[in-house]
Amino acid sequence: MSVRRVEQIMGLPISVDLRDGDAVLAERAFASLRQADAQFSPFKPDSEVSRLDRGELTREELTPDLVEVLSLCDWYEESTGGAFTAQVPGRGLDPCAVVKGWAVQRAADLLRKGGATTFCLNAGGDVVTAGEPEPGKPWRVGVRHPDLEDQLCVVLGVRDGAVATSALYERGQHILDGRTGQPVSGLLSVTVFSDDLAIADTTATAAFALGRDGIEWAAAQEDCEVFIVDEDRRVFSSPGLPVHVC
Amino acid sequence: MKRAIPVLALSVAGLVPVWLYSPGAAHEGEINEAAAAPETQQQPQKQAAPQTTAPKTTGSAPKATGSAPTTQPQQQQQQAQTRTVSGPAVNTEEGTVQVQVTFQGTKITDVKALRAPNSNPTRMALPILRESALKAQSADIDTVSGATYTSEGYKQSLQAAIDGAQ
């Protein structure tokens with residue numbers, strides 16, 4: 001039994017293409033995403049993140065999930081020398097960059113735990129896939145061209161894996177350099193392939209925040225393969241990237 | 001770790017005048033000059049950008065003054081002669097490093113690592129990247145990776161077309 005469904009959660013259009021599961025299982029995955037939104041959104045006054053930010057909770061009182069998210073934030077902040085941060089000076093705590101990938105990976109894990117082996121979950125362009133849509137064939141994950149919205153710049157062939165892209169084309173300058181508080185420049189689009197979407201998504205965002213320095217930084221991250229377009233329209237890609245030849 | 005190789009190579013280069021020195025040699029000055037600013041063909045080593053994966057190089061810089069280096073061939077007189085010098089094997093935190101330096105006269109023309117650790121962190125420190133030009137393509141795909149944040153953007157996106165096609 002297969003299910004396709006699209007829902008707007010965390011401000012993102014989230015689609016699932018579930019080839020071997022039912023609507024109940026799909027709902028379980030979407031419910032976990034709504035729950036993550038309620039718990040971690042800095043835009044909801046009663047979320048755990050907002051309560052921590054207002055000083056109503058101490059670090060000792062946090063749920064293990066938020067502790068995990070914050071420790072991921074800290075790890076990437078340290079690794080990028082502060083370019084990536086969940087706490088831009090003068091702004092509230094915003095762990096969204098980690099929460100998105102983390103929550104979508106958790107939803108994908110729920111599908112797997114529920115017995116699904118073949119699906120594609122796409123949350124605002126961040127993708128987790130499992131199995132093969134057709135025997136012997138991987139999921140074909142097209143990466144949007146940074147300049148042309150109806151074109152692709154590469155297609156990846158992915159079975160069990162995660163692909164995340166951080167880019168500027170839609171919301172304008174939405175990624176800030178945590179060291180300066182200023183919008184970042186240098187790169188147009190960073191795509192990261194990894195086993196886990198929390199890693200892929202955060203690595204893509206952090207590389208973006210580093211600007212051109214993010215190219216080598218991202219390529220050196222463990223278990224990450226990259227496809228990065230800089231402002232001069234040069235492409236830098238890892239040899240291990242699973243490029244799908246159409 | 002990889003930095004140990006140029007460090008060693010330069011240490012070996014620094015010892016060249018000592019090895020080549022023979023009392024009364026007429027071209028002593030030339031040798032010192034060459035040793036002060038050796039022209040090497042070795043590639044500049046990239047900085048290990050990632051702090052998380054960069055190997056620890058906290059050990060003291062290896063000193064190449066230990067065992068006597070072996071040289072071959074023995075003739076030292078003609079300047080244009082090609083000589084190959086093997087440096088001492090140096091134990092570092094990451095493994096044993098030994099370099100071989102080839103001279104054309106007093107100029108270094110080649111540096112080879114005879115022994116270099118090939119541990120994972122060493123490779124991780126210097127990611128290999130392919131560079132190419134940006135291309136546009138359209139193809140049959142199952143899903144789109146890209147930054148889609150707004151519902152308006154989604155409606156116009158390839159992903160919406162894929163989701164709606166079923």
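**Group meeting: a sheet shared by chains A and B**

Let me begin with chain A, where 50% of the 246 residues count as buried. Please keep in mind throughout that this is a predicted model, and that its overall scores are an ipTM of 0.93 and a pTM of 0.70.

Staying with chain A for a moment, you will find 6 helices and 12 strands in it, and its C-alpha atoms fill a box of roughly 50 × 45 × 30 Å when the box is taken along the principal axes. The radius of gyration of chain A is 18 Å, and because a compact globule with 246 residues would have a value near 18 Å, the two agree. If we take the contacts in chain A between residues at least 6 apart in sequence, 58% of them join residues at least 24 apart.

Now to the sheet. It is an open sheet of 9 strands with antiparallel pairing, and its order runs β1(A)-β2(A)-β3(A)-β4(A)-β7(A)-β10(A)-β11(A)-β12(A)-β6(B), so that chain B contributes the strand written at the end. Which strands form the edges? They are β1 of chain A, residues 3-9, and β6 of chain B, residues 130-133, each of which pairs on one side only. Direction ignored, neighbouring strands of this sheet are turned by 10° against each other on average.

At the chain A edge, β1(A) pairs with strand β2, residues 12-18 of chain A, in the antiparallel sense over 7 bridges, and within this part of the sheet A:Val6 stands opposite A:Ser15 in β2(A). As a reminder, strands of a sheet pair through backbone hydrogen bonds, either parallel or antiparallel. Helix α4 of chain A, residues 96-113, lies across β2, β3 (119-123), β4 (126-130) and β7 (161-167) of chain A, and the helix runs at about 20° to β4(A).

Chain B calls for a word on confidence, since its mean pLDDT is 59 and 38% of its residues reach 70 or more. Among the elements of chain B, helix α2, residues 28-36, has the lowest mean pLDDT, at 33, whereas strand β7, residues 143-145, has the highest, at 95. Over residues 22-79 of chain B the pLDDT is below 50, although this stretch has 86 contacts in the model beyond near neighbours in sequence. The pLDDT is also below 50 over residues 119-125 of chain B, a stretch with 19 such contacts beyond near neighbours in sequence. Where pLDDT is low, the predicted coordinates should not be read in detail.

Conventions. Residues numbered from 1 in each chain as written. Chains lettered and ligands numbered in written order. Predicted model: local features only at pLDDT ≥ 70, side-chain atom pairs only at ≥ 80, totals over all residues. Helix = DSSP H or I, 4+ residues; strand = E, 2+ residues; numbered from the N terminus. Rg over C-alpha atoms; globule rule 2.2 N^0.38 Å. Buried ≥ 20, exposed ≤ 12 C-beta atoms within 10 Å, placed from the backbone. Contact = placed C-beta atoms within 7 Å. pLDDT = per-residue confidence, 0-100. Pairing = 2+ DSSP bridges. Axes fitted to C-alpha atoms, helices over the stretch in contact; angles between N-to-C directions.
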